[in-house]
Structure formats: structure tokens, C-alpha cells
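The following exercises concern the fold of one protein chain. Please examine the sequence and the model before reading each solution.

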Amino acid sequence: MPKKRKPEPFLKAIQIAQLEAGESRPLVVASKNIEKVVDGYTAKTAANDRSRKRGPPYYMVGGTPYYLVSEVIEYFTRNRVETIND
């Protein structure tokens, strides 16, 4: 009998990484460093998303997936939900 797959947990806390004073945002980031751009989005999660044809668009260079930082930020900020602050 095949093993039952555990459901993947939902991403709990994803946020765009904040830069220190004097740091500049890179234009491109390798998949292994994706968490430096988006906290909570790991290289493993990015690999799972690529295999399922989900997630932000990426480019393959020499067998290594790379992401444009602007596209990653756009992907994670496109579904904004307005809330009411009391």
C-alpha cells in the first residue's frame, strides 16, 4: 500500500525582506538565496513550486534557477487584501 502524503502546510509568515541602510536590492537572485528576498519562502518551497508550475517566474542558467527580484516582489504583493484598522 502506498504511503499517504502529508498535506503541505500553508506559508505562515511571508514578507519582503527589509534592507539595511546602504544596501541595494539585487536585480537577480539564485533560487538557493530566495529567502534573502522573501522571508519565509525557502529554496525548498521554490523548488516545489517550480515542479508544480506555480510560483514566481524564473530563468534557468546553466541548470540553476534564477529569479528577477522585481518579479518575485510583484508575485507576492499582487493580491493585497484591504483591512479595517480600528
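Helices (H or I, at least four residues) and strands (E, at least two) are DSSP runs, numbered from the N terminus. The model is predicted: local features need pLDDT of at least 70, side-chain atom pairs count only at pLDDT 80 or more, and totals for chains, interfaces and linings use all residues. Residues are numbered from 1 along each chain as its sequence is written, and side-chain values use heavy atoms, with hydrogens and water left out.

**Exercise 1.** Determine which pattern the protein chain follows along the sequence.

Solution. Begin with the inventory: the protein chain has two helices and five strands. Then read along the sequence, which gives β-β-β-α-β-β-α.

**Exercise 2.** Establish the order of the three strands in the open sheet, and identify those at the edges.

Solution. Two strands pair if DSSP finds at least two bridges between them. The resulting order is β2-β5-β4, with antiparallel pairing. Because β2 (28–30) and β4 (59–61) each have a single partner strand, they stand at the edges, and one side of each lacks a neighbour in the sheet. From one strand to the next, the twist averages 40°.

**Exercise 3.** Describe how β4 pairs with β5, and what packs on the sheet.

Solution. First, three antiparallel bridges join β4 to β5 (residues 64–68). Tyrosine 59 has tyrosine 66 of β5 as its bridge partner. Next, helix α2 (residues 69–77) packs on the sheet and touches β2, β4 and β5; contact means heavy atoms within 4.5 Å. Finally, the direction of α2 makes about 70° with that of β5, where axes are lines fitted to C-alpha atoms, for helices over the stretch in contact, and angles run from 0 to 180 degrees between N-to-C directions.
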